[in-house]
Amino acid sequence: MANPLTRIKSVEQSMADTDEPGHQLRKNLTAFDLMVFGVSVVIGAGIFTITATTAGNKAGPAISLSFIMAAIACALAALCYAEFASTVPVAGSAYTFGYATFGEFLAWILGWDLILEFAVGASVVAKGWSSYLGSVFGFSGGTVDVGSVTIDWGAVIIVAVVTTLLVLGTKLSSRFSAVITAIKVAVVLLVIVVGFFYVKTENYSPFVPPAETAGDAHKSVDSSLFSLITGGGESSYGWYGVLAAASIVFFAFIGFDVVATTAEETRNPRKDVPRGILGSLAIVTVLYVLVTIVVTGMVSYKDLATSAGDGEPKNLATAFALNGVTWAEKTIAIGALAGLTTVVMVLMLGQSRVLFAMCRDGLLPRGLAQTSPRFGTPARLTILIGVVVAVVAGFFPIDKLEEMVNVGTLFAFIVVAAGVMILRAKRPDLDRGFTVPGGPIIPVLAIISCVWLMLNLTALTWIRFVVWMVIGVAIYFLYGMRHSMVGKRERGEVDDEVSLDKS
């Protein structure tokens, strides 16, 4: 009998499970649908919430370099995701890929990691949506104080709406995303075209502002791990600032990996999934870099820094307001509201598909993996996720947790890149719809670049990440290891023909 920690779920078994009665996902997505999902989740979180503040607080005009660094790391990882997803077109993304290569324990770690990525990401963006709701309709934001508790009702509303759409069907969600994505891409193009006429070349100097140390706090948990290791301490601007900004704006690219979670619902996954992943990443990278060049040219990076007086973060609308373009400010707020809507939706879609795969494998309660006969979606699991995200976004101050999403995603990227090389060696016979060119070179570069970005996250983020992982390990040993379907098959406790309800 295999070691429970390293037992592998074969590619063949993963594929067979997609036809198990009771939890089959409908295959009705095309390459265009996947590209829409990718663009809709990526554009929004970065452009409308962190681009301006990161330029003002960390990198200055060199924020465009930070985006390019992050995009290169994502592109390397995206190629690896494309190969894996075209080879193993099963829900679960990195979790499923890890199960086929490294074994059950690391698969669980990846799944637990992705729970962190998608749940925290959806909650953070839901709060951003709520704040823009006030900007569009002219009030202070979607919050209300009830006694000593502040309830973010705007965040709760958007989570409820997207949960309903996801329950009703993935194709419907894709159509909704397509409409909203068209709106926000139009707004992004507006920023680029209109903003270009207000660019002043002097705002690009100095392109990399000189480093500034934050008072006497030379070293703290808010410093990047890399700067602590190399003695850089806590600083903004300079090359430490540019590197730290690359790790922060990486949050803006999170989402293209969600495309891989929908592989099981794609009509021709071996071709369409790689096209969806790589196409969406290419589109958003071009738009991001153009936006950063325009915005840092419109105003001095110092005007985008968070001031000590009000502590209010700046955004894209700030650059237009400072140039007297008041109508653009309102338009950007509308675009942000529309954009963040789809970000929340697609992050929750990814969350539900990863948990669906984990539940189907028995590492979490299998009853949650039941799909709706009417809608072909994991309805009960989606509703549960919606409730949890709504509670977290509505009642907890989580605005400082963006980096938690980054460290979890980067860790998943590293494992996927390593898994590509391992699966090639173990199973050269598999039919691969897409193969990363250059042999092991790109997967190795993907690992190096992701490790590099992880080192530039703050030490506090690392501490939180380790705590989250410790909790996950405890749950695996207390529940997942004993209820694993792979383990039950090895022990002869369940037959491959047994349905979900009888297992």
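Here is a short walk through this predicted model, from its nonpolar core to its salt bridges.

Let's start inside. The largest nonpolar core counts 147 residues, and Tyr81 and Phe253 are the ones with the most contacts within it. Helix H14, spanning residues 326-360, supplies the largest share of this core, with 19 residues. If you centre your viewer on Tyr81 and leave aside residues up to four places away in sequence, you will find that Tyr81 touches Ser93, Ala94, Phe97, Asp257, Ala260, Ile277, Ala412, Phe413 and Val416.

Now for the charged side chains. Searching the whole structure turns up eight salt bridges. In one of them, Glu83 and Arg424 meet through their side chains at 2.7 Å, N to O. Glu83 belongs to helix H4 (residues 63-87) and Arg424 to helix H16 (residues 402-426), so this pair ties together parts that are 341 residues apart in sequence. Glu83 and Arg424 are both buried.

Lys127 and Asp152 form another salt bridge, at 3.6 Å, N to O. Here Lys127 sits in helix H6 (residues 104-137), while Asp152 is in the loop between strand E2 (149-151) and helix H7 (153-168), so the parts tied together are 25 residues apart in sequence. Lys127 and Asp152 are buried too.

A salt bridge within one helix joins Asp272 and Arg275, with an N to O distance of 3.9 Å. The two residues lie three apart in helix H12 (residues 269-298), about one turn of the helix. Asp272 has a relative accessible area of 10%, so it is buried, given the cut-off of under 20%.

To finish, look for Glu12, Arg427 and Asp429, which are linked in a network of salt bridges.

How values were computed
Residues are numbered from 1 along each chain as its sequence is written. This is a predicted model: local features need pLDDT of at least 70, side-chain atom pairs count only at pLDDT 80 or more; totals for chains, interfaces and linings use all residues. Side-chain values use heavy atoms; hydrogens and water are left out. A nonpolar core is a set of buried Ala, Val, Leu, Ile, Met, Phe, Trp, Tyr and Cys residues joined through side-chain atoms within 4.5 Å. Buried means under 20% relative accessible area, exposed over 50%, partly exposed in between (1.4 Å probe, protein chains only). Helices (H or I, at least four residues) and strands (E, at least two) are DSSP runs, numbered from the N terminus. Contact means heavy atoms within 4.5 Å. A salt bridge is a side-chain nitrogen of Lys or Arg within 4 Å of a carboxyl oxygen of Asp or Glu.
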